[in-house]
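Reader: I would like to go through a model with you. May I put some short questions?
Author: Certainly; here is the entry.

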Amino acid sequence: MKVTSIRGFNDILPDEGRVWRHIEDEARRIFDVYGFSEIRLPVLEKTELFSRTIGETTDIVEKQMYTFTDRHGDSVTLRPEGTAPAVRAYIEHRLYTAPVTRLFYTGPMFRYERPQKGRYRQFYQIGAEILGEESPMVDAEALHMLAALFRNLDIRGVEIEVNSLGCPVCRPSYREALTGFLEDKRDRLCANCRRRIDKNPLRALDCKARGCIEATQDAPSVLDYLCAGCKGHFEGLKAGLDRMGVEYRVNPRMVRGLDYYTRTTFEVTAYTGGALGAQNAIAAGGRYDDLVRELGGPETPCFGFAIGMERLAMLVDRSAVPERPLVFFIPMGGEAGRMSIGMISDLRQRGLRVVADHRGASLKSSMKRADRMRAGFVIILGEDEMKEGAVTVKQMETGAQERLPYDVVADWIRERIPGRPQ
Ligand code: ATP
Ligand code: MG
């Protein structure tokens, strides 16, 4: 019986895993210097956590959640995003007793979408949340951090778009204006947007349907409706970005697919060379100043974002990802096999990545295997070597080969490994 994986649920194979690891290492290093600490959150949450925060009339809640009743009869949902769970944990564990909390997380998210390149049903995000800071400098700093990460990963054509969605003070007047505008264009909107005009008119600006994009071309701009506080915040964000040297573009149409955003929203796209089609957004996020209070916590202004791992990984140059070379150890014959045990464990203790060929095959066959395993180095322990307390070591790429006393071979190899000290 052959069982395959579920559509939209991917295996991340070792070659790809290496790229992911590189991204995560880089993210961890950068997030750390910006003061973030890691939080590990469950993948399953009570359904109401998402339906109440993301919004009942969003695509995610209306049609993308993996929701089921567990054996006890409770409605649970595989998390479609990480912000609501992070906020839930923040409140549950009273992390707000600290003045500011900076968290990051990595892990799978689940959305029932149409699988295609760059869009899956289980996908991974690296997310970060800053809880307890109102200043737009924090928004700017988070974007500065993202820009640094993408620069370090050599991602090409990175563009940051920012917008402000206002707050409960000013958004109602914008909503009203937008609703009026959409009513006039009702016939040209898709059924989904038509249905949502009253409940969630902003969704029409995010709709990917051609008709909706065209019909909303001249829609009123949210930026013209901001109250003084939101306007000041947005100006502060732009000034902060300028001061930090972060390039960005203002896009007043960007509304994002979750209802909890207030004020700043942003999206980062990259040049994908057509490889990802419309799926070129590699990170997105914004401010959610009311979410903590809405979930029963104290008044806490927050900013957060999430990076899409699969999309980002696709854009990372494979050749720039450091790979620890494999040392392939070939003992020739039974006695050498026995002697090699201690040597191999010694090499591993010195931090080298070692695999041995214990088949007792011919040298030719073992060398072939070393090639197929893409070994960086081969160590041969034959009879002559054993007599001398030596080994023969070969660097596969250059062909350089030497017979060396056993105790210097680890250093010989290390000297030939490029990059960071191993
Ligand atoms: P999109 O507009 O591409 O649907 P989104 O606005 O739904 O993205 P967010 O919920 O803000 O995305 O998630 C942040 C990032 O997570 C996205 O920019 C993207 O890189 C990634 N992402 C979102 N949904 C998926 C998915 N189904 N498969 C793979 N990556 C995804
Ligand atoms: Mg989406």
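Author: The ligand site comes next, followed by a pair of helices. This is a predicted model, in which local features need pLDDT of at least 70, side-chain atom pairs count only at pLDDT 80 or more, and totals for chains, interfaces and linings use all residues. Residues are numbered from 1 along each chain as its sequence is written, chains are lettered from A and ligands numbered from 1 in the order in which they are written, and side-chain values use heavy atoms, with hydrogens and water left out.

Reader: How many residues surround ligand 1?
Author: There are 16, each with a heavy atom within 4 Å of the ligand. Arg111, Glu113, Arg119, Arg256 and Ala281 are the closest.

Reader: Which strand gives the most to that shell?
Author: E10, with 4 residues. Strands here are DSSP runs of E of at least two residues, and helices are runs of H or I of at least four, numbered from the N terminus.

Reader: What lies 2.7 Å from a nitrogen atom of ligand 1?
Author: An N or O atom in the side chain of Glu113. Oxygen atoms of ligand 1 have polar side-chain atoms of Arg311 at 2.9 Å and of Gln125 at 3.0 Å.

Reader: Turning to helices, at what angle do H1 and H5 cross?
Author: Roughly 145°, with the axes of H1 (residues 14-33) and H5 (residues 136-152) coming within 10 Å. Axes are lines fitted to C-alpha atoms over the stretch in contact, and angles run from 0 to 180 degrees between N-to-C directions.

Reader: Which residues of H1 make the contact?
Author: Glu26, Ala27, Arg29, Ile30 and Phe31, where contact means heavy atoms within 4.5 Å. H5 contributes Met145, Ala148, Leu149 and Asn152.

Note on methods. Polar contact = N/O pair within 3.5 Å; in protein donor to acceptor, adjacent residues only side chain to side chain.
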